[in-house]
Amino acid sequence: MTKEQKIQVIADIKAQLAETPNFYIVDIAGLDAEKSADLRRACFEAGIKLSVVKNTLFAHVLKESENDEIKAILPILEGPSAIMYTVSPNSPAKLIKKLQKAGAEKPALKGAYVQECAFVGSQTLDALCNIKSKEELIGQIVASLQAPAANVISALQSAGSTVAGVLKTLEEKGE
């Protein structure tokens, strides 16, 4: 690979990380052509971009980062690696888990950088599956904030529109 090609690959990796800041590093060594094609198809259907890059080039990009957390990924960049880029923080973890339940040994999780946190090792797969996106968390917060107000409104409507009924309802809610 020429120096110009390496510079272009590094630029491509930087652009991909700017577009999709969450990434998983997986081991796909030993997959035959059919299983590799199946994995790529599954990634495409899940909105995940799968890319095989040289560890040294990917490490170069990570070392240039000013983020210390992302540098925790550097030790796992050994052996054949593929990168799963994603906008959804848990979709690659769910895909890996689904493939493992179906009996596939690969892809094997090496580590991930999700929502500005580094996860190292295959033992973090369950934690990564349970990560919620920002939108999901906001939805849960809004729902939990709406629940008490909805209960009060419902109680007021069921008590009737009389002042005595409203006072009785408020008194019961206060207890």
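Here is a walk through one helix and one loop residue of this structure. Keep in mind that the model is predicted.

Let's start with helix H2, which runs over residues 33-45. How far apart should its ends be? With 13 residues at 1.5 Å a residue, H2 should span 18 Å, and its end C-alpha atoms are indeed 18 Å apart, so the two values agree.

Now look at which parts of H2 are hidden. Leu-39, Ala-42 and Cys-43 are its buried residues. They cover an arc of only 100° around the axis, so they sit on the same side of H2. What do these buried residues pack against? Their partners are strand S2 (49-52), S3 and H4. Swing round to the face of H2 turned away from that buried side and you'll meet the exposed residues Ala-33, Glu-34, Phe-44 and Glu-45. Once you leave H2, you'll come to Gly-47, which has a positive phi, near 75°.

S3 and H4, two of the partners of H2's buried residues, also lead us to our next stop. Between strand S3 (82-86) and helix H4 (91-101) there is a loop, and Asn-90 lies in it. Is Asn-90 buried or exposed? Its relative accessible area is 7%, and buried means under 20%, so Asn-90 counts as buried.

So what surrounds Asn-90? Leaving aside residues up to four places away in sequence, Asn-90 touches Tyr-24, Leu-128, Cys-129 and Ile-131. Take a closer look at Ile-131: the side chain of Asn-90 reaches its backbone oxygen at 2.8 Å.

Conventions
Residues numbered from 1 in each chain as written. Predicted model: local features only at pLDDT ≥ 70, side-chain atom pairs only at ≥ 80, totals over all residues. Heavy atoms only, no water. Helix = DSSP H or I, 4+ residues; strand = E, 2+ residues; numbered from the N terminus. Buried < 20%, exposed > 50% of the residue type's maximum accessible area, 1.4 Å probe, protein only. Polar contact = N/O pair within 3.5 Å; in protein donor to acceptor, adjacent residues only side chain to side chain. Contact = heavy atoms within 4.5 Å. Expected span 1.5 Å × (residues − 1). Arc of directions from axis to C-beta.
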